[in-house]
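User: Could you take a close look at one part of this model for me, the place where the two chains meet? I'd like one connected walk through it.

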Amino acid sequence: MLMCKDLAVIASDYIDGELGTGGKLSVRMHLMMCRHCRTFIGQLKQSTVLMAAHSSQQAPADYIARLDEEIHRALTQGIGSNQGDY
Amino acid sequence: MRPDTLDAPEDDLVSRLQQGDAAAYREAVRLYTPGMLAVARFYLDPASAEDMVQDTWLTVISAIQTFEGRASLKTWLHQIVANRAKNRIRDRHREVALDTDDPLDPALAERFGDNRRWSVPPSARSSDSAQALLENNVLSDCLDKHLGQLPEHQRSALMLYEAHQHRAEDVCNLLDVSAANLRVLLHRARQRIFLMVEGFQETGEC
């Protein structure tokens with residue numbers, strides 16, 4: 001029988017639809033009986049939405065400015081680096 | 001389903017990059033650098049990762065002429081960084097050591113009793129939507145802070161999967177991890193964010 005801790009281990013798999021039919025059924029049965037796990041799954045789901053929405057994690061402004069400068073220099077000199085594989 | 005094909009705006013951006021349009025480079029740098037850094041930091045220390053991403057952009061100036069659009073521009077750029085970083089660590093005979101043994105964060109694991117039920121259950125909090133939560137600037141700053149404190153491997157996986165919306169198989173390829181390890185990295189990172197938001201909502205402090 002699936003217990004709360006077992007559910008916590010596979011919670012992301014459940015949220016992302018990565019569980020098989022049996023696993024999904026066990027989680028749903030547990031969730032029907034356990035409000036704490038319903039809260040946990042709801043909040044973990046919210047954390048994934050927060051992350052997706054918080055995609056604005058930017059690179060540092062001074063670093064971006066450095067990149068702009070280096071690229072501008074390379075473009076005006078008409079060269080790009082051919083070094084290395086890509 | 002997460003697409004990985006060129007859409008119309010990206011097609012236009014590629015054309016402009018191929019023409020050497022400086023404004024297009026500024027746009028592309030802002031769009032794609034955070035993800036490129038996420039890939040590089042998975043393998044390298046932060047300073048080396050920044051240097052590698054800079055070198056990659058300089059390579060792109062000529063390499064973009066050979067871009068055929070078989071994958072999205074984002075995936076192509078991320079793949080270049082991944083290949084270079086993998087070569088770098090192979091040359092240095094290093095390996096990426098992943099902590100994927102335990103799928104539960106220790107701070108969460110200790111909240112279950114011996115009977116495997118919650119001993120310290122999640123606190124019922126307000127039913128604010130994620131969007132409403134994000135409009136709270138203090139929480140948003142707190143999220144930034146905690147994302148910055150995530151172990152580098154978890155953060156890279158989370159950034160590429162959640163924020164940059166790569167498909168799981170693409171993230172596995174970029175980071176050279178198995179699907180099972182990716183699942184653990186994502187789950188551990190989400191638990192950290194869950195714990196952070198829970199703590200913030202209980203105390204109002206980050």
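Analyst: Let's start with a salt bridge: the side chains of Asp68(A) and Arg30(B) come together at 2.6 Å, N to O. Bear in mind that this is a predicted model, so that distance is computed. The salt bridge of Asp68(A) and Arg30(B) has company, as the rule finds six salt bridges across the interface of chain A and chain B. Polar contacts add to the picture, with 16 residue pairs counted between the chains, both partners at pLDDT 80 or more.

Who supplies the chain A side? Helix 1 (4-15), helix 3 (35-53) and helix 4 (61-76) of chain A each give two or more residues to the side that touches chain B. Helix 3 gives the most, with 14 residues. Sorted by type, the residues on that side of chain A come out as 23 nonpolar, 16 polar and nine charged.

Now the whole contact: 48 residues come from chain A and 62 residues from chain B. The area buried between the two chains is about 5,100 Å², and carbon and sulfur atoms give 64% of that.

One more stop, this time on a single residue of chain B. Ala28(B) sits in helix 2 (residues 22-43) of chain B. Ala28(B) counts as buried because its relative accessibility is 0%, and the cut-off is under 20%. Beyond its neighbours within four places in sequence, Ala28(B) is in contact with Leu13(B), Leu17(B), Thr33(B) and Trp57(B). Of these, Trp57(B) is 29 residues away along the chain, with 9.7 Å between the C-alpha atoms of Ala28(B) and Trp57(B).

Technical notes
Residues numbered from 1 in each chain as written. Chains lettered and ligands numbered in written order. Predicted model: local features only at pLDDT ≥ 70, side-chain atom pairs only at ≥ 80, totals over all residues. Heavy atoms only, no water. Contact = heavy atoms within 4.5 Å. Buried area = accessible area lost by both parts, 1.4 Å probe. Salt bridge = Lys/Arg side-chain N within 4 Å of Asp/Glu carboxyl O. Polar contact = N/O pair within 3.5 Å; in protein donor to acceptor, adjacent residues only side chain to side chain. Helix = DSSP H or I, 4+ residues; strand = E, 2+ residues; numbered from the N terminus. Nonpolar A, V, L, I, M, F, W, Y, C, P; charged D, E, K, R; others polar. Buried < 20%, exposed > 50% of the residue type's maximum accessible area, 1.4 Å probe, protein only.
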